[in-house]
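The following exercises invite the reader to examine one molecular structure step by step. Each task is followed by a worked solution.

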Amino acid sequence: QQQRFYYFCLETSGSFTRSSTYEANLNRVLSSFSSNTENDYGFYNISSGQGSDAANAIALCRGDVNSGDCLDCINNAATELRNLCANENEAIIGYEKCLLRYTNRSIFGVAETNPSFYMWNVNNVTDLDAFNQALIALMDNLSTKASSGTSRSKFAMGSAEVAASQTIYALVQCTPDLTGPACSSCLSQAIALLPSCCNSKQGGMVFGPSCNLRFDIIRFYNLATPDTPFRRRSTPAPPLSLPPSMHNTKKKGKWIIIITVSAAAFAVLLISSCIFFLRVKKSKAKAEKSLQYDFSTIRAATDDFSDANKLGQGGFGAVYKGTIGSEELIAVKRLTTNSGQGDLEFKNEVQLVAKLQHKNLVRLQGFCLEGNERLLIYEFVPNASLDQFLFDPVRRAYLDWERRHKIIRGIAQGLLYLHEDSRLQIIHCNLKASNILLDAELNPKISDFGMARLCALDQTQSVTSRIEGTNGYMAPEYALHGQFSIKSDVFSFGVLLLEILCGQKNSAFCVGENVEDLLSYAWRNWKDGTALKLVDPILGEAPRTEGKFSTTKKLPALTNNLTRF
Ligand SMILES: Nc1ncnc2c1ncn2[C@@H]1O[C@H](COP(=O)(O)OP(=O)(O)OP(=O)(O)O)[C@@H](O)[C@H]1O
């Protein structure tokens with residue numbers, strides 16, 4: 001069983017339709033790994049098709065993995081990625097032992113650093129300064145090795161002593177199609193992420209499409225000699241032995257050698273530390289800059305926060321529609337919550353939440369911070385929120401069972417990502433129909449996740465006061481004792497699911513003329529074996545034998561691109 005670390009379904013490269021030429025090419029590419037045995041250095045680069053229908057895939061196994069495990073990992077990745085990413089042209093998945101990406105763009109030989117992903121070991125190191133020094137030197141050393149002209153595999157692994165009792169083990173790797181300088185620059189950017197991801201941690205990993213690195217205080221790789229042909233790499237390398245001349249060195253000579261080496265090592269460490277921290281500072285400033293918007297730009301984009309552009313008012317502030325340039329649509333949340341959070345903390349939190357990207361999450365594009373103004377800039381999602389469809393007697397008819405089912409699946413996938421698959425576990429705490437936005441194809445996107453972090457609020461207080469404890473989405477232990485966990489989100493998801501199924505608000509549920517409590521009604525009918533009574537009559541009479549509902553009523557046709565009602 002392979003351990004999956006991350007995956008991204010990338011919407012930026014567009015999507016394909018079922019049975020399209022691109023889909024056929026993609027399937028061909030993904031099924032050809034097993035037949036392609038020429039995989040020196042565990043690297044595959046396979047393409048099928050021409051022009052915009054071309055599917056290009058790259059797969060790379062960790063440099064110490066043998067070819068059998070490598071193929072198993074890649075084939076499993078191909079199957080999983082196709083299941084996880086329904087129809088995006090581009091996607092990437094990473095496991096402990098391999099990564100796989102496909103796209104309709106030409107990617108061979110191109111160094112790419114986005115999307116990146118990192119993880120860390122939760123345990124802290126004891127002597128931070130000594131650890132960092134050893135780590136920086138080791139990473140720089142491995143990075144030089146992997147990107148040097150002699151390294152055809154673009155892979156290097158090794159270890160460094162922190163103290164007599166502690167060793168750091170690390171590996172770095174680029175896809176072998178990169179040139180040496182491209183590999184070196186890719187690895188520098190990955191190394192520059194270490195302080196923000198893994199500072200003071202005993203282990204960490206940074207993954208990007210073209211390069212990755214990992215370190216730990218436990219040896220996690222197989223001992224093997226880098227640059228031996230890939231298929232022979234399962235043999236352990238012989239232990240290192242000192243050159244005979246050194247065994248014979250007299251004590252005095254030994255001391256000289258040690259001092260010389262130490263002085264040189266110290267100089268290297270000093271220089272690499274300076275370069276390392278400069279790099280980190282530069283890359284952090286760059287990332288912040290690209291996320292930060294000027295207030296004047298947003299004011300112009302929203303026509304000075306005009307009422308005409310106001311999309312609604314939520315617990316954290318009003319939301320406005322805006323247009324940047326001639327066509328980029330954004331949604332701007334003008335925060336009113338005065339959390340007392342410092343500017344730096346706010347920026348850091350935005351950086352973290354902006355990295356959470358999934359097709360079923362509303363993308364946080366940036367922020368604005370000027371004087372008392374704090375704005376969050378999101379992608380604009382054109383079809384408003386689920387409640388505005390589901391609880392509207394006319395628009396509800398657009399949501400046939402197929403669409404509702406797709407919405408439920410999407411919400412579940414987005415929530416799973418927040419709970420389990422993202423680098424930062426997020427408990428939403430306020431999952432409800434108005435926080436599910438619908439895009440032009442009625443795909444659901446969860447909004448308002450990470451708000452407790454962005455407003456530095458105590459999650460219990462903020463959410464209870466905003467929900468006022470009565471809206472029925474909260475798990476009992478949360479409503480009564482303020483205890484929240486991913487399980488409380490699952491409870492809210494269950495309530496939302498029932499609402500989608502019956503097409504009525506939990507807080508205003510009626511059976512005929514009688515006002516009832518949706519959860520009690522659902523439970524009673526479930527126990528009595530009459531659960532179908534819950535189903536929205538608009539969906540038709542009964543589910544088919546395989547458990548799918550079908551619509552008996554002819555619904556008004558949806559336009560390709562629904563606009564906001
Ligand atoms: N990214 C977006 N694109 C389009 N519309 C949005 C976007 N974000 C929010 N909206 C709209 O703005 C309105 C207010 O959203 P907001 O999330 O602030 O409030 P809410 O969900 O009603 O309340 P709460 O703060 O409790 O979550 C909603 O009607 C929503 O449809």
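**Helix 4 and the chain as a whole**

**Exercise 1.** Determine which residues of helix 4 are buried.

*Solution.* The model is a predicted one. A residue counts as buried if 20 or more other C-beta atoms lie within 10 Å of its own. In helix 4 this selects Ala182, Cys183, Cys186, Leu187, Ala190, Ile191 and Ala192. The helix comprises residues 180–192, 13 residues in total. From its first C-alpha to its last it reaches 18 Å, close to the 18 Å expected at 1.5 Å a residue. For the setting, the chain has 16 helices and 19 strands, and 37% of its 565 residues count as buried.

**Exercise 2.** Decide whether Thr167 is buried, exposed or partly exposed, and describe its surroundings.

*Solution.* First, locate the residue: Thr167 is found in strand 8, residues 166–174. Next, consider the count of neighbours. Thr167 has 16 other C-beta atoms within 10 Å, and is therefore partly exposed. Then list the contacts, leaving aside residues up to four places away in sequence: Thr167 touches Ser159, Ala160, Glu161, Val162 and Ile217. Finally, Asp216 is 49 residues from Thr167 in sequence, while the C-alpha atoms of the two are 8.5 Å apart in space. For the chain, 66% of the contacts with a separation of 6 or more are between residues 24 or more positions apart.

**Exercise 3.** Establish the strand order of the open sheet that contains strand 1, and explain why strand 1 and strand 2 stand at its edges.

*Solution.* The sheet has 5 strands in the order 1-4-5-3-2, with antiparallel pairing. Strand 1 (4–15) and strand 2 (43–48) each have a single partner strand, so one side of each is left without a neighbour in the sheet. On average, neighbouring strands here are turned by 10 degrees against each other, direction ignored. The partner of strand 1 can be examined next: 7 bridges join strand 1 to strand 4 (residues 88–95), and the two run antiparallel. One of the pairs places Ser15 with Glu88 of strand 4 as its bridge partner. Two helices then complete the picture. Helix 1 (residues 21–30) packs on the sheet and touches strand 2, strand 3 (55–61), strand 4 and strand 5 (98–103), its direction making about 25 degrees with that of strand 3. Helix 2 (residues 67–84) also packs on the sheet, touching strands 1, 2, 3, 4 and 5, and its direction makes about 45 degrees with that of strand 5.

**Exercise 4.** Describe the open sheet that contains strand 11, and then the surroundings of the ligand.

*Solution.* This sheet has 5 strands in the order 11-12-13-15-14, paired antiparallel. Strand 11 and strand 14 (364–370) stand at the edges; each has a single partner strand, so one side of each lacks a neighbour in the sheet. Neighbouring strands are turned by 25 degrees against each other on average, direction ignored. Strand 11 is joined to strand 12 (residues 317–324) by 4 bridges, and Gly312 stands opposite Val319 in strand 12. Helix 9 (residues 343–354) packs on the sheet, touching strand 14 and strand 15 (373–379).

Turn now to the ligand. Of the 21 residues around it, Gly312, Gly314, Gly315, Val319 and Ala331 come nearest. Strand 11 (310–314) and strand 13 (328–335) are the elements that give two or more residues to the shell. Strand 11 gives the most, with 3 residues. By character, the shell divides into 10 nonpolar, 8 polar and 3 charged residues.

How values were computed:
Residues are numbered from 1 along each chain as its sequence is written. This is a predicted model: local features need pLDDT of at least 70, side-chain atom pairs count only at pLDDT 80 or more; totals for chains, interfaces and linings use all residues. A residue is near a molecule or strand if its C-beta atom, placed from the backbone, lies within 6 Å of it. Ala, Val, Leu, Ile, Met, Phe, Trp, Tyr, Cys and Pro count as nonpolar, Asp, Glu, Lys and Arg as charged, and the others, Gly among them, as polar. The expected span of a helix is 1.5 Å times one less than its number of residues. A residue is buried if 20 or more other C-beta atoms lie within 10 Å of its own, exposed if 12 or fewer, and partly exposed in between; C-beta atoms are placed from the backbone. Two residues are in contact if their C-beta atoms, placed from the backbone, lie within 7 Å. Two strands pair if DSSP finds at least two bridges between them. Axes are lines fitted to C-alpha atoms, for helices over the stretch in contact, and angles run from 0 to 180 degrees between N-to-C directions.
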